[in-house]
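Please look through the structure below with some patience, moving from the way its chains meet to a pair of helices and then to a single residue.

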Amino acid sequence: MTRSRAAVLVTLALALAVALAVSLLVGSAENPTREIVLEIRLPRALLAALVGAGLATAGALLQALLQNPLADPYVLGISGGAALGGVAALALGGGVWLGAGAVPLVAFAGALGASLLLYAIAAAGGRAPAHSLLLTGVVFNAFASSLIVFATSAADLARVAGVFLWLIGSIRLVEPALLAAVALLFALGLGIALRFAYSLNLIAQGDETASHLGVDVPFVRRWILAGTALMIGASVSVSGLIGFVGLIVPHVLRLSLGSDHRLIVPASALGGAVFLVVADTLARVVLAPTELPVGALTALVGGPVFLVLLRRELARLPA
Amino acid sequence: MTALVEARGVAHRFGANPVLRGVDLALAPGKLVVVAGPNGAGKTTLLRALAGVLRPDAGEVSLAGRAITDWSRREVAQRLAVVPQEGALAFPFSVREMVALGRAPFLGPFGRESADDVTRTEAALAALEIRELAERAYPTLSGGEKRRVLLARALAQGVDMWLLDEPTAHMDLGHGLFCFAWLREWLSASPGRGVLLVTHDLVLAARFADELVLLARGSVAARGAPADVLTAERLADVYGVEARIERDPAGRVLVSPLRAIR
Amino acid sequence: MRAPLRALFLALALAVACGDHARVTPPGELRIVSLSPSLTEVLLALGMRERIVGVDQFSRELPGCDSIPSLGGLFAPDLERTLELRPTLVVGVRSESQAPFFAQLAARGVAVREIDTSGSLERVLANYEELGALVGRPDEGKALAARVRSDLARVAASVADRGRPSVALVVEREPLYVAAGGSFASALIDAAGGRNVFADIAKSYPQVSLELLAERAPDVLIDSTQSAQDGETQSAARAYWSRFAWAKRVELVPPGVATLPGAELARGAELLRARIHPEAGS
């Protein structure tokens with residue numbers, strides 16, 4: 001790794017350490033005990049870091065894969081599948097035999113199901129697989145949304161609040177086992193992402209150019225989708241649909257660091273972690289003791305930022 | 001002598017539309033072969049088949065004597081460079097980054113560049129005279145400058161066989177001439193090199209090609225030295241254009257289109 | 001001459017007796033529709049069972065109400081069926097989602113009363129009196145309020161000389177909602193001999209952070225989770241709280257006991273007393 005790349009990553013890692021430290025020091029309890037900090041704040045902060053990293057890395061991968069710097073990790077429908085699974089588990093019960101573990105499990109299964117569908121599309125894709133992927137994703141999301149409405153209508157009131165929170169996305173306290181599972185899945189996804197980061201530079205040139213330069217594009221694409229599915233599935237299954245992280249973090253990093261994915265992929269992981277840890281800290285204190293769902297905050301900030309970025313992007317295009 | 005790249009009986013259709021009907025083509029070492037023809041003649045499809053990214057319905061393409069399907073994409077890229085038409089680039093890579101990508105077929109899985117890779121990249125930038133553009137973002141360049149970057153990338157790749165798709169499209173006279181002249185020079189700098197390019201530009205093709213292959217409606221209408229291929233009858237037949245063919249004092253063919261026939 | 005007259009008279013009487021259905025409700029007759037079990041319970045306590053012509057599906061579980069026509073769940077009552085019953089008074093819980101439904105009824109000239117049931121004990125007792133006045137039994141309404149008040153005082157007196165453990169009442173785990181100072185559940189906790197750790201928050205059922213609950217570390221944590229109705233075993237609920245050392249004593253209470261303001265608030269207070277002061281016997 002070149003020296004400047006390493007320097008950037010070290011800086012981001014330091015920023016993450018600071019963000020985590022602040023997150024541990026801040027909260028609605030006035031005189032927090034050690035127990036509160038270690039048992040409640042620390043797991044939450046770690047989860048925020050993992051989810052943020054997962055979403056941002058997945059966003060970076062998909063933006064390259066789809067050759068669209070403003071693509072969102074939710075655009076391919078993987079999140080739709082996860083959300084549908086989560087809502088189904090939440091709204092229709094399912095706490096029966098698996099207890100609290102039911103929701104993340106079913107949500108992850110939903111994410112995998114959606115990914116398999118995309119995998120099939122990607123494998124069959126001819127000259128414009130990016131378009132087929134996008135279209136499939138849009139349709140699948142619409143389909144999942146309608147099923148979510150069905151499930152929510154059938155649910156009774158007490159569950160609806162939970163479903164709402166799920167759909168807008170929030171960080172909560174999870175059991176250590178679940179946290180470890182998320183960490184493992186994220187590590188696998190990140191491993192795949194780092195392995196193929198260089199290939200992304202080539203795929204970003206276009207599928208044929210990448211092919212001309214020696215990349216087995218269908219092979220790489222499948223692996224990238226797998227890594228993306230793992231990270232999005234793991235993130236959404238525990239925290240619901242937190243928006244804008246996967247869209248904005250990699251895009252903004254590209255604006256300041258360039259488009260070399262050997263840097264952008266790890267930088268997105270770190271940057272996403274920082275972003276979400278900070279957002280979650282704010283979400284916890286802004287309306288204390290009530291906790292704002294972090295997805296509401298990311299949408300509040302992310303919406304206008306996205307519009308600004310979009311304007312810049314459009315202005316950049318040749319007349 | 002084995003051809004560098006060869007096509008035998010290549011045929012392909014898109015849907016119900018036959019685009020190539022049994023084309024034979026060979027690129028011999030030391031030669032500049034130009035494939036020309038009207039729009040829709042199948043030139044780009046042929047090029048993609050030769051590059052190994054399109055699998056034709058019929059016929060065979062071989063690279064260095066072996067069927068191209070027997071090579072992996074990486075192995076192909078270590079022998080053959082393809083210079084595409086521009087294409088839109090969604091990400092603002094710098095010129096240096098673009099050229100450095102030419103080393104991709106030789107890098108390990110994480111894309112670590114050795115000192116040799118860096119040297120070749122810098123040498124390519126110098127050879128195409130784009131050193132001062134190195135830090136500029138590729139999408140901000142003019143058409144001619146972009147073409148030089150793509151040529152530099154192929155040069156950095158360091159292989160002996162080049163396929164080019166419309167290298168002078170959208171380029172002004174000066175850049176077009178530079179491009180062809182540069183290719184000729186590169187070709188003669190070392191034995192065993194070969195260039196095959198597809199173009200619309202008959203004027204430059206006639207001037208620089210060793211062999212001209214005229215493609216019309218998916219088949220080879222004529223092949224040979226430009227002087228032999230470019231006759232008034234042939235141009236009328238293939239392009240529907242009445243043209244005057246002349247020779248300059250050095251014996252090079254000059255084509256002057258006069259008017260449309262059909 | 002007399003026989004035909006008598007026959008005619010009989011025929012007329014029969015006709016009058018059988019012709020009920022087409023009759024328009026004469027003014028003054030009370031036909032009540034109740035769309036909340038807590039309100040139904042109050043109406044029953046006021047002796048209005050015979051006047052109730054329609055209820056929500058959950059009210060049917062109250063004693064003697066299984067034959068009353070159901071109008072659906074709490075949040076999507078059937079407008080057509082409601083109108084079919086020709087109610088003169090519809091009472092329901094004030095809520096955003098039911099507001100259009102009530103507006104529709106009001107537009108058709110039906111008297112609608114939205115009762116706010118989420119408030120403090122005083123509010124709930126005032127509701128009794130309000131309902132009493134609405135149905136023409138103001139004295140019964142006042143009497144009911146007085147009875148509940150004295151019942152609660154009795155419960156409080158029974159544990160007056162014991163310590164006052166700190167209590168938190170959780171109505172939803174994720175997100176965490178608790179009964180705070182503005183809810184009547186808080187008053188029930190008080191009557192049951194406990195001290196609500198969230199009494200300082202003026203709202204009824206606010207969402208609070210887990211760490212705030214951890215900081216206030218109640219002696220008794222009452223888990224009355226609304227969503228724990230179907231199939232969730234007690235062990236699963238306890239497993240949730242067992243992760244935290246500060247959740248010293250967890251008592252599971254069926255949802256609604258302390259949060260649905262029916263007519264038997266004292267029963268809720270007694271149940272809470274049994275959990276907060278088990279040594280006092282129930």
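Two residues are said to be in contact if their C-beta atoms, placed from the backbone, lie within 7 Å. Helices (H or I, at least four residues) and strands (E, at least two) are DSSP runs, numbered from the N terminus. The model is a predicted one, in which local features need pLDDT of at least 70 and side-chain atom pairs count only at pLDDT 80 or more, while totals for chains, interfaces and linings use all residues. Residues are numbered from 1 along each chain as its sequence is written, and chains are lettered from A and ligands numbered from 1 in the order in which they are written.

Begin with how the chains meet. Two pairs of chains touch, and the most contacts are between chains A and C. Chain B and chain C, by contrast, do not touch, and their nearest C-alpha atoms are 42 Å apart. Where chain B meets chain A, 22 residues of chain B are in contact with 22 residues of chain A. On the chain B side, helix H2 (residues 73–77) of chain B supplies the largest share, three residues. By class, that side has 16 nonpolar, three polar and three charged residues, where Ala, Val, Leu, Ile, Met, Phe, Trp, Tyr, Cys and Pro count as nonpolar, Asp, Glu, Lys and Arg as charged, and the others, Gly among them, as polar.

Inside chain A, consider helix H7 (residues 176–195) and helix H10 (residues 217–239), whose axes come within 8 Å and cross at roughly 155°; axes are lines fitted to C-alpha atoms, for helices over the stretch in contact, and angles run from 0 to 180 degrees between N-to-C directions. How does H7(A) run relative to H10(A), roughly parallel or roughly antiparallel? Because of that angle, H7(A) is roughly antiparallel to H10(A), a term for angles over 145 degrees, just as those under 35 count as roughly parallel, 65 to 115 as roughly perpendicular and the rest as oblique. The residues that meet include Leu178(A) and Phe186(A) in H7(A), and Trp223(A) and Met231(A) in H10(A). The residues of this contact divide into 13 nonpolar, two polar and no charged.

Finally, turn to a single residue of chain B. Phe106(B) is found in the loop between helix H3 (95–100) and helix H4 (115–127) of chain B. Phe106(B) counts as partly exposed because it has 19 C-beta neighbours inside 10 Å, whereas a buried residue has 20 or more and an exposed one 12 or fewer, with C-beta atoms placed from the backbone.
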